[in-house]
Amino acid sequence: MARSAPKIRGRKKKLRYEDITVVDQSLLKRAVGAAALGNAMEWFDFGVYAYIADTIAEVFFPASVSPGVRLIGTFGAFTAAFLMRPLGGLVFGPLGDRIGRQKVLAVTMIMMAIGTLCIGLIPSYSSIGVWSPILLVVARMVQGFSTGGEYGGATTFIAEYSPDKRRGFMGSWLEFGTLSGYVLGASVVTGMKAWVPHETLLDWGWRVPFLVAGPLGIIGLYMRLKLEETPAFQKHAEEAEKRGRAGEPFWKMFTEYWPALLICVGLVLVFNVTDYMLLSYMPTYLSEQLHLDATHGLLLIIVVMVVMMLIIMVGGRITDHVGRKPVMMAGCLGFLVLSWPLMLLVHDGGLVLTFLGLMGLGLLLLCFEVSMPAALPALFPTAIRYGALSIAFNISVSLFGGTTPLVMQSLISATGHDFWPAWYLMAAGAIGAVAVYFSRETANKPLWGSGPAVSTEAEARELVRGSG
């Protein structure tokens with residue numbers, strides 16, 4: 001069992017051995033695995049939904065409207081989930097700061113599974129008419145509500161379990177889960193589109209990927225129920241009990257920590273606009289706007305994500321050595337300067353140049369994938385970390401990230417111009433650069449409100465000797 005440390009920020013006296021958390025490596029691996037699985041499940045659904053959006057449009061909306069309008073309706077249902085995410089963050093985030101991270105993450109896991117499973121059970125528009133898209137929106141809202149507590153809790157869980165010198169590397173596993181879930185969902189849909197007749201896909205085939213959520217949810221729930229609470233939260237709960245109160249009042253995160261909230265919103269904006277642009281909207285952009293063969297377009301993005309998976313842990317280690325800020329700033333400036341030429345490659349090039357443009361966007365996105373899981377939890381103290389991160393994260397995702405596919409499709413349909421994605425990415429890069437500039441470097445430092453966390457007893461003794 002790991003030993004936790006009290007807050008030592010600003011301590012002037014000699015560091016004591018009991019001030020240091022020696023992380024239990026087996027518990028760390030289980031915590032990272034359970035958190036990453038939840039993220040993988042969430043993005044499995046996003047991958048399926050994005051890659052099968054054209055089929056969903058035919059199933060859930062009347063044939064009397066144009067394909068463009070049907071797609072807007074489909075992405076509107078996609079966006080509906082994000083309207084619920086801030087509410088989920090408001091409920092699950094502060095709850096996780098009061099009763100613990102592990103309990104709340106178990107609830108969000110099962111709710112996500114139920115929402116995804118329900119999508120696979122909804123009758124088509126031809127069967128029940130307008131109730132079909134209404135039920136689709138309701139199921140997406142259930143998903144959105146549960147997801148509101150998922151990412152903030154998962155990043156908090158991993159960050160509070162990780163040694164200070166490996167927090168970037170361990171956090172990168174969370175985004176490895178994101179990419180693996182997305183690749184699995186996209187691969188399933190791509191295989192079905194290639195091998196299953198279109199009529200069969202419309203009839204029942206599209207339901208299969210969503211129905212997989214049931215058994216995945218049971219596995220994930222089991223893994224999370226077997227976890228122990230994080231050392232940082234255990235120590236915080238003990239100290240709060242001694243003081244006779246549960247923790248910081250909810251309103252203090254807005255009155256005392258509003259600069260960190262604003263920085264978090266800006267960082268999440270650039271992270272998620274670029275994320276949803278590449279992973280959720282590009283499949284539709286390639287097929288609908290550029291008229292690229294659907295299977296070829298899907299395979300290109302799958303290959304991009306597989307390459308990202310192969311190097312993401314290396315990127316996490318890099319952030320532990322050079323810091324989070326340089327890597328995040330490189331991504332922001334990269335999108336500001338390179339979005340236009342990369343989208344030119346995607347738009348006007350052949351298959352090879354299109355892939356190179358997508359790969360360039362993927363490598364820039366990787367700057368955030370390897371940095372954010374460690375950088376975001378470090379913005380807030382232990383007492384409000386889950387709640388503040390969940391609220392700021394989900395407000396930003398709901399307003400900017402999750403709306404990206406709908407906004408892009410609407411702008412392109414209204415104006416007839418295909419380069420809105422480049423302008424949108426450039427704007428996100430500029431905003432993100434400002435947020436990175438005002439953030440503080442947190443690599444290799446204890447989390448706010450906790451003492452040092454190390455991997456071995458030897459490291460703890462070395463820290464004690466070095467502090468004297």
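In the predicted model, Lys 445 is in contact with Asp 164 and Arg 167, leaving aside its neighbours within four places in sequence. Lys 445 is found in the loop between H21 and S2. Its relative accessible area is 42%. Lys 445 is therefore partly exposed, as this value falls between the 20% and 50% limits. Met 282 lies 163 residues from Lys 445 along the chain, and the C-alpha atoms of the two are separated by 37 Å.

The loop between H21 and S2 also holds Asn 444. Asn 444 has a positive phi of about 65° although it is not a glycine. Most residues other than glycine have a negative phi. Asn 444 is partly exposed, with a relative accessible area of 37%. His 291 also has a positive phi, of about 55°, and is not a glycine. His 291 sits in the loop between H14 and helix H15 (294–322). With a relative accessible area of 66%, His 291 is exposed, because this value is over 50%.

Trp 448 is another residue of the loop between H21 and strand S2 (453–454). Trp 448 has a relative accessible area of 21% and is partly exposed. Ala 383 is 65 residues away from Trp 448 along the chain, yet their C-alpha atoms are separated by 9.5 Å. Trp 448 is also among the residues that Thr 382 touches. Thr 382 lies in the loop between helix H18 (372–375) and helix H19 (385–401). Its relative accessible area is 4%, so Thr 382 is buried, the limit being under 20%. Residues up to four places away in sequence are not counted among its contacts. Those contacts include Gly 449 and Ser 450 alongside Trp 448. Thr 382 further touches Asp 97, Arg 101, Glu 160, Ala 232, Phe 233 and His 236.

Helix packing was examined next. H19 packs with helix H14 (residues 258–289) at an angle of about 45°. The axes of H14 and H19 are 8 Å apart. H14 is therefore oblique to H19. The crossing of these two helices, H14 and H19, is right-handed. From H14, the contact involves Leu 261, Cys 264, Val 265, Val 268, Leu 269, Asn 272, Val 273 and Tyr 276. These meet Ala 388, Leu 389, Ala 392, Phe 393, Ser 396, Val 397, Phe 400 and Gly 401 in H19. By class, this contact of H14 with H19 has 13 nonpolar, three polar and no charged residues.

Helix H20 (residues 404–415) and helix H21 (residues 420–438) pack at an angle of about 135°. Their axes are 10 Å apart. H20 is therefore oblique to H21. The crossing of H20 and H21 is right-handed. On the H20 side, Thr 404, Val 407, Met 408, Leu 411, Ile 412 and Thr 415 take part in the contact. Their partners in H21 are Trp 420, Pro 421 and Tyr 424. The contact of H20 with H21 comprises seven nonpolar, two polar and no charged residues.

Helix H2 (residues 53–60) packs with helix H6 (residues 131–147) at an angle of about 135°, with axes 9 Å apart. This angle makes H2 oblique to H6. Ile 56, Val 59 and Phe 60 in H2 meet Ser 132, Pro 133 and Leu 136 in H6. Five of the residues in the contact of H2 with H6 are nonpolar, one is polar and none is charged.

Cysteines were considered last. A disulfide is a covalent bond between the sulfur atoms of two cysteines. The model has zero disulfides, with a cut-off of 2.5 Å between sulfur atoms. Cys 264, one of the H14 residues that meet H19, is in no disulfide. The nearest cysteine sulfur, that of Cys 332, is 14 Å away from Cys 264. Cys 264 is buried, with a relative accessible area of 0%. Cys 118 counts as partly exposed, at 37% relative accessibility.

Notes
Residues numbered from 1 in each chain as written. Predicted model: local features only at pLDDT ≥ 70, side-chain atom pairs only at ≥ 80, totals over all residues. Heavy atoms only, no water. Axes fitted to C-alpha atoms, helices over the stretch in contact; angles between N-to-C directions. Helix = DSSP H or I, 4+ residues; strand = E, 2+ residues; numbered from the N terminus. Parallel < 35°, antiparallel > 145°, perpendicular 65-115°, else oblique. Left-handed = near helix turned anticlockwise from the far one by under 90°. Contact = heavy atoms within 4.5 Å. Nonpolar A, V, L, I, M, F, W, Y, C, P; charged D, E, K, R; others polar. Buried < 20%, exposed > 50% of the residue type's maximum accessible area, 1.4 Å probe, protein only.
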